[in-house]
Amino acid sequence: MKIIMLGAPGAGKGTQAKMIADRYGIPHVSTGDIFRANIKNGTKLGMEAKQYMDKGLLVPDELTVKILLDRVAEEDCRNGYVLDGFPRTIPQAEVLDEALAGLGEKIDYAIDVEVPDENIVKRMGGRRACLSCGATYHIEHVPPKKEGVCDVCGQELVLRDDDKPETVRNRLKVYHEQTQPLIEFYQAKGVLKSVDGTMDMKDVFAAIEKILEA
Ligand code: AP5
Ligand code: MG
């Protein structure tokens, strides 16, 4: 099963992608997590990506596409995966489609998690992230067991550099301009499904399960 998560920054793509990955035993592949791990480790890719991410801009397709294609070519992706944060532009979607077509494969579902912009800025200020393992928390909705410490790996939780309100607004602008057109792209392919992302996260997941098990 190959799934793409669509939706604005903060819509809950990562939250739902992790739940899907656990439920169906497929890897959760997040380009944002890959970039953040590279930034944390001080790699050349990380240094380059950070310049764009901190401004709320997209990392150029040349840097993004290769790391994603390399990742999904790994052994653990053989039975499928859930992509979170990729594709984010029509050219990225086209490259992915071509690469899959070359293998006789295709995307099974593109799930759009719908949340209005007004809700997003509020959510982001409360998010805390683990830069080591990618786990995500929310100070009100999903607090960690111990404040400031990741339940999964014990590392420190941080407010992401790009979660400042002005950067969030820029990310939303970039989303509407460059990523939202993917909704039509996948609709035309007949694989688009939408869920209401303003519900409680368990209810969002129940709606996704219903789609995947229909
Ligand atoms: P990325 O890491 O993908 O960030 P994003 O798309 O902006 O999305 P977020 O991770 O901020 O939000 P999310 O939808 O995963 O929400 P979450 O589940 O955390 O990308 C970061 C940057 O990397 C980009 O800006 C770009 O620069 C670069 N990049 C990455 N991929 C790229 C690509 N393909 N091309 C070019 N550049 C790329 O939830 C948010 C918060 O809300 C959490 O605190 C969560 O606990 C809470 N929450 C979730 N669901 C609910 C709910 N139902 N109710 C209440 N709270 C909820
Ligand atoms: Mg995310």
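Helices here are DSSP runs of at least four residues, numbered from the N terminus, and with that naming in mind you can begin the tour of this predicted model by selecting ligand 1 together with the shell around ligand 1.

Of the elements to colour, start with H2, since the largest share of the shell, 4 residues, comes from H2. Then add helix H1 (13-24), helix H6 (117-125) and strand S6 (136-138), which, like helix H2 (31-40), each supply at least two residues of the shell. In total 36 residues surround ligand 1, and the closest are Thr15, Leu57, Arg88, Arg127 and Arg171. Colouring the shell by class should show 14 nonpolar, 13 polar and 9 charged residues.

Next, display the side chains of Gln92, Arg127 and Arg171. A polar side-chain atom of Gln92 lies 2.9 Å from a nitrogen atom of ligand 1, while a polar side-chain atom of Arg127 lies 2.6 Å from an oxygen atom of the ligand. For Arg171, an N or O atom of the side chain is 2.5 Å from an oxygen atom of ligand 1. Switching to a surface view, note that ligand 1 taken alone exposes 1,000 Å², of which the protein buries 96%.

From Arg171, move on to helix H7 (residues 165-179), whose 15 residues reach 20 Å from the first C-alpha to the last, close to the 21 Å expected at 1.5 Å a residue. Select Thr167, Val168, Arg171, Leu172, Val174, Tyr175 and Thr179, the buried residues of H7; they lie on the same side of the helix because they cover an arc of only 165 degrees around the axis. Finally, turn to the other side of H7, where Glu166, Arg169 and Glu177 are exposed.

Note on methods. Residues numbered from 1 in each chain as written. Chains lettered and ligands numbered in written order. Predicted model: local features only at pLDDT ≥ 70, side-chain atom pairs only at ≥ 80, totals over all residues. Heavy atoms only, no water. Near = heavy atom within 4 Å. Polar contact = N/O pair within 3.5 Å; in protein donor to acceptor, adjacent residues only side chain to side chain. Areas by Shrake-Rupley, 256 points an atom, 1.4 Å probe, with all protein chains shown as cover. Nonpolar A, V, L, I, M, F, W, Y, C, P; charged D, E, K, R; others polar. Expected span 1.5 Å × (residues − 1). Buried < 20%, exposed > 50% of the residue type's maximum accessible area, 1.4 Å probe, protein only. Arc of directions from axis to C-beta.
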